[in-house]
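Trainee: Before I start any calculations on this model, walk me through it, please. I'd like the reasoning along with the numbers.

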Amino acid sequence: MIKFGPSGNCATFYEQGHKRSVEAPKWLNSIGLNAYEYSFGRGITLNDDTAIEIGNEAKKYNVEVSVHAPYYINFANPSDEMVEKSYMYVINSLEKLKLLGGNRLVVHPASCGKMERSEAINLTKKRLQVLKERLEMLGYDNFLICLETMGKPAQIGTYKEIIDFCKISPNFIPTLDFGHINALTHGSLKSEEDFREIIDYMFKELGEEKAKKVHIHFSKIEYGEKGEIRHLTLADDVYGPNFEPLAKILKEYNMEPVVICESNGIMAHDALILKSIYEKA
Ligand SMILES: [Zn+2]
């Protein structure tokens, strides 16, 4: 079944007197959401006891927890020594994800740096192959690594690049971040056909099983010449994209994604709007 939830804690959560993420699953359940993404974007600071506590609450209240790995991961780092840190960020994030009782780890794969794009992509592929082998060795191959589409041209992660990376392992699936795709392409996502092109490509390249359980990030994002600038809320009517055309396709294809809303500040509020758009589609 399709799931909706926020990335992190919404302003409303705090306004209603809640202080700790341990309280989030119960609160999310009470307002009608069933997913929750915990971000280690700026570092893995969650301690084990709290992770277990959040995991217990999430199980009790039927909330699927996913984790966002640190932003510093870069599998196109030219140095084999430096890239060891990227493997460690993934493995350390998975250790916490396991305690949280979740199954999905979102990862930004790489940045181009000073390399040619094709060279950076080949290097990333090689490292993702190594990652796959290490995760199998460590018994982490039952988790889904959700490689994310990125919003800036200097980053590796167009939807076609990501879908190609996902062929490396049965446990690699895309995180389609439609705000990023729209920002990178200066507002190309408008009609149902614009979304369908991406979804159809994913089904064709990855097969139905993987495609149906894709991870989705959805928010409106301001963009400029160099792509993504900042996350907005669904109230924006300038930049887009709109969720309505995508919602129709998700329903038509019987997809069962986890849809995480990354709106600025009011992500749970906006996740509920996404859910109601889906229900009406
Ligand atoms: Zn991300």
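Mentor: You'll need one term right away: a residue is buried under 20% relative accessible area, exposed over 50%, and partly exposed in between, using a 1.4 Å probe and protein chains only. This is a predicted model, where local features need pLDDT of at least 70 and side-chain atom pairs count only at pLDDT 80 or more, while totals for chains, interfaces and linings use all residues. Residues are numbered from 1 along each chain as its sequence is written, and side-chain values use heavy atoms, with hydrogens and water left out.

Trainee: Okay, what is the order of the strands in the open sheet of eight?

Mentor: Strands (E, at least two residues) and helices (H or I, at least four) are DSSP runs, numbered from the N terminus. Two strands pair if DSSP finds at least two bridges between them. Here the pairing is parallel, and the order reads β1-β12-β9-β8-β6-β4-β3-β2.

Trainee: By how many degrees are neighbouring strands turned against each other on average?

Mentor: The sheet has its edges at β1 (3–6) and β2 (35–39), each pairing on one side only. For the angle, axes are lines fitted to C-alpha atoms (for helices over the stretch in contact), and angles between N-to-C directions run from 0 to 180 degrees. With direction ignored, the average turn between neighbouring strands is 25°.

Trainee: At that β2 edge, which residue in β3 stands opposite Tyr-38?

Mentor: β2 is mostly covered, with four of its five residues buried. It pairs with β3 in the parallel sense over five bridges. Ala-35 stands opposite Glu-64 of β3, and the residue opposite Tyr-38 is Val-67.

Trainee: And in β4, which residue is the bridge partner of Ser-66?

Mentor: β3 (residues 64–68) and β4 (residues 104–107) run parallel and are joined by three bridges. Glu-64, Ser-66 and His-68 point one way from β3, Val-65 and Val-67 the other way, and all are buried. The partner of Ser-66 in β4 is Arg-104.

Trainee: What is the site of the zinc ion like, going by the angles among its four donor atoms?

Mentor: Donors are N, O and S atoms within 2.8 Å of the metal (3.2 Å for Na, K and Ca), and water is not among the atoms, so a site may look incomplete. The zinc ion gets His-68 (NE2), His-108 (NE2) and Glu-148, the last with two OE entries, at 2.1 to 2.7 Å. Four donors are tetrahedral if all angles lie between 85 and 135 degrees; four are square planar and six octahedral if opposite donors are over 155 degrees apart and all others between 65 and 115; anything else is irregular. With angles of 51 to 146°, this site is irregular.

Trainee: How many residues apart in sequence are the parts that His-68 and Glu-148 tie together?

Mentor: The donor residues are spaced H-x39-H-x39-E. His-68 lies in β3 and Glu-148 in β6 (residues 144–148), so the pair ties together parts whose separation in sequence, in residues, is 80.

Trainee: Are those two buried or exposed?

Mentor: Use the accessible-area cut-offs from the start of our chat. By them, His-68 and Glu-148 are both buried.

Trainee: Now helix α8: how far does it reach from its first C-alpha to its last?

Mentor: The expected span of a helix is 1.5 Å times one less than its number of residues. α8 (residues 192–206) has 15 residues, and its reach is close to the expected 21 Å. The value in the model is 21 Å.

Trainee: What arc do the buried residues of α8 cover around the axis?

Mentor: Glu-197 and Lys-204 are exposed on the other side of α8. The buried set is Phe-195, Arg-196, Ile-198, Ile-199, Met-202, Phe-203 and Leu-206. They lie on the same side of α8, which follows from their arc of only 165°. That arc is taken over the directions from the helix axis to the C-beta atoms, and its value here is 165°.

Trainee: Last one: which residue is joined to Gly-240 by a cis peptide bond?

Mentor: Most peptide bonds are trans. This one has omega of about 0°. The partner sits in the loop between β11 (227–231) and α10 (244–252), and the residue joined to Gly-240 is Pro-241.
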